[in-house]
Amino acid sequence: MGTTQLESVQEPKYWHLKTVLSEALDSDFAVGEVLPNERDLAARFGVARATLRQALEQLELEGRLQRRRGVGTTVAPPRVGVAVSTAQQDWAGGGTDEAWQPVECTTATAPASVCAVLDVDAEEAVHVVRRIRVSHGQAVAAELLYVPKSSVPELSAIDAPSGSARARSVLRELHRLGLDGQDRSVELGSARADDAKELDRLPGAPVLVVTTRYFAASGTAAVSVATYRADTCRLTFGDSGDLEISHESQEQQRQAS
């Protein structure tokens, strides 16, 4: 059998450098340690800075490195397993939902793509709940939950006029509504400025965007757009919602590989 065109393509320089850097991270650097600047690293490995940047970006995407505001590029700890349950959402709090912390609730128009899923007019205002998910004491995700007013008709502006209190009121009403199911999609994206600030990332850093549509008897009850840190999270899925990968077990896997 002849050599295919793919087999004849040479490995890019940055990809080879990524492998070399990965080995150096294991042998020469500790978790949390700040890497030398790009000029010194490029000189150390005898490569152009453009090649070095490509390798560093790939290692960041794979969760080996983190770029931190005011600090620089550091060696990342093993990724934290974050369970994304397909079970019934406990909007009222507790259970698997207790890691989500309501931040605020506003009334605004939703993006066109969300309006289409919710089947609402582009000019129609909806409730927008912002939540932060915390795992192992670290903010790992920021969520925007879009809830049409028809899903929470009993919500009273008098009960909770603003802020996190109103967010909790919206979530309680969703809990009372009850849900018939949900579906979700996951894609790679770039951190927006507001998400980056809350997640201690730089704008444009790689993130995982999880979009979830919640169903009720009347149709789509809510849409969630959650942005997870791609450098620290390993998303796990299952009906039990209890699959977690500890720091220790991940480190053992890394050493075994």
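**Exercise 1. Find the residue of E8 that is the bridge partner of Arg184, and place the pair in its sheet.**

*Step 1.* Look across from Arg184 into E8: the bridge partner there is Thr212. Bear in mind that this is a predicted model, where local features need pLDDT of at least 70, side-chain atom pairs count only at pLDDT 80 or more, and totals for chains, interfaces and linings use all residues. Residues are numbered from 1 along each chain as its sequence is written, and side-chain values use heavy atoms, with hydrogens and water left out.

*Step 2.* Now widen the view to the two strands. E7 and strand E8 (residues 206–216) pair in the antiparallel sense, with ten bridges. Two strands count as paired if DSSP finds at least two bridges between them. The element names come from DSSP runs numbered from the N terminus: helices are H or I with at least four residues, strands are E with at least two.

*Step 3.* Zoom out once more. The strand order is E4-E5-E6-E9-E8-E7 in an open sheet of six strands with antiparallel pairing. Strand E4 (100–109) and strand E7 (181–190) are at the edges with a single partner strand each, so one side of each has no neighbour in the sheet. On average, neighbouring strands here are turned by 20° against each other, direction ignored.

**Exercise 2. Which strands of this sheet does helix H6 touch?**

*Step 1.* Helix H6 (residues 163–177) packs on the sheet and touches E4, strand E5 (125–135), strand E6 (138–147), E8 and strand E9 (219–229). Contact here means heavy atoms within 4.5 Å.

*Step 2.* Check the direction: H6 makes about 90° with E4. Axes are lines fitted to C-alpha atoms, for helices over the stretch in contact, and angles run from 0 to 180 degrees between N-to-C directions.

*Step 3.* Pick out one residue of H6, Arg168. Its relative accessible area is 40%, which makes Arg168 partly exposed. The scale is simple: buried means under 20% relative accessible area, exposed over 50%, and partly exposed in between (1.4 Å probe, protein chains only). Arg168 and Glu104 lie 64 residues apart in sequence, and their C-alpha atoms are 8.7 Å apart in space.

**Exercise 3. Follow E6 to its partners E5 and E9.**

*Step 1.* Start with E5. Nine bridges pair E5 with E6 in the antiparallel sense, and Ile132 stands opposite Ala142 in E6. The two strands form a hairpin with two residues between them, and His136 in the turn has a positive phi of about 55°.

*Step 2.* Turn to E9. E6 and E9 run antiparallel and are joined by six bridges. Tyr146 stands opposite Val223 in E9.

*Step 3.* Ask how enclosed E6 is. Eight of its ten residues are buried, so E6 is largely enclosed by the rest of the structure.

*Step 4.* Add a visitor from helix H5: Val114. Not counting residues up to four places away in sequence, Val114 touches Tyr146 and Val223. At 6% relative accessibility, Val114 is buried.

**Exercise 4. At what angle do helices H3 and H4 pack?**

*Step 1.* Two packed helices are described by the angle between their axes and the distance between the axes.

*Step 2.* For helix H3 (residues 38–45) and helix H4 (residues 49–61), the angle is about 100° and the axes are 9 Å apart. That makes H3 roughly perpendicular to H4. For the cut-offs, under 35 degrees is roughly parallel, over 145 roughly antiparallel, 65 to 115 roughly perpendicular, and the rest oblique.

*Step 3.* List who makes the contact: Glu38, Arg39, Leu41 and Ala42 from H3, with Arg49, Leu52, Arg53 and Leu56 from H4.

**Exercise 5. Where is confidence lowest, and where is it highest?**

*Step 1.* The yardstick is pLDDT, the predictor's confidence in each residue, from 0 to 100. The protein averages 80, and 80% of the residues score at least 70.

*Step 2.* Confidence is lowest in helix H8 (residues 247–256), with a mean of 38, and highest in helix H5 (residues 112–118), at 93.

*Step 3.* Look around H8: over residues 240–257 the pLDDT is below 50, and this stretch has 28 contacts in the model beyond near neighbours in sequence. Residues 93–98 also stay under 50, with six contacts beyond four places in sequence.
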